[in-house]
Amino acid sequence: MKVLYVRNLKSDVTEAMLRSAFEAHGAVEKVKKVKDYGFVHFADRESALAALDALNGSVIFLHELPT
């Protein structure tokens, strides 16, 4: 798994904002936001797992990410 699915995003959250939040956990290759969800593609599995562990269920951009 190198791609994370992110849900419950507000309309004002941009792909750049998502990239910024997830890059702290590893190299992000691509970010795609579609309506209220998005996909974050990492360069390697370890980075994706690190981001999942760190951000799962957290609040970013004042929005809670469900677990």
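Two strands count as paired if DSSP finds at least two bridges between them. Keep that in mind for the first stop on this tour of a predicted model.

**Stop 1: the sheet.** Colour the strands and turn the view until they lie side by side. You will find an open sheet of 3 strands in the order β1-β3-β2, with antiparallel pairing. The edges are β1 and β2, each of which pairs on one side only. On average, neighbouring strands here are turned by 15 degrees against each other, direction ignored.

**Stop 2: β1 against β3.** Now hide β2 for a moment. Antiparallel to each other, β1 and β3 are joined by 5 bridges. Select L4 and look across to β3, where its bridge partner is V40. Then select V3, which stands opposite H41 in β3.

**Stop 3: the two faces of β1.** Show the side chains of β1. Which of them are buried? L4 and V6 are, and they point to one face. V3, Y5 and R7 point to the other face and are not buried.

**Stop 4: the helix over the sheet.** Bring α1 into view. This helix lies across β1, β2 and β3, and runs at about 135 degrees to β2.

**Stop 5: the core.** Select L4, V6, L18, F22, V28, V40 and F42 together. These are the residues with the most contacts inside the largest nonpolar core, which has 15 residues. At least two residues of this core come from each of β1 (3-7), α1 (15-23), β2 (28-34), β3 (37-42) and α2 (45-55).

Next, centre on F22. What does F22 touch, leaving aside residues up to four places away in sequence? The list is L4, V6, V28, V40, F42, A51, L55 and I60. Two names in it, L4 and V40, are already familiar as the bridge partners of Stop 2.

**Stop 6: a salt bridge on α1.** Finally, step from F22 to E23 and show its side chain together with that of R19. The two form a salt bridge, with the closest N and O atoms 4.0 Å apart. How many salt bridges does the structure hold? The count is 1. Why are E23 and R19 about one helical turn apart? Because they sit 4 residues apart in helix α1.

Switch on a surface to finish. With the partly exposed class running between 20% and 50% relative accessible area, E23 belongs there because its relative accessibility is 41%. R19 is partly exposed too, at 27% relative accessibility.

Technical notes:
Residues are numbered from 1 along each chain as its sequence is written. This is a predicted model: local features need pLDDT of at least 70, side-chain atom pairs count only at pLDDT 80 or more; totals for chains, interfaces and linings use all residues. Side-chain values use heavy atoms; hydrogens and water are left out. A nonpolar core is a set of buried Ala, Val, Leu, Ile, Met, Phe, Trp, Tyr and Cys residues joined through side-chain atoms within 4.5 Å. Buried means under 20% relative accessible area, exposed over 50%, partly exposed in between (1.4 Å probe, protein chains only). Contact means heavy atoms within 4.5 Å. Axes are lines fitted to C-alpha atoms, for helices over the stretch in contact, and angles run from 0 to 180 degrees between N-to-C directions.
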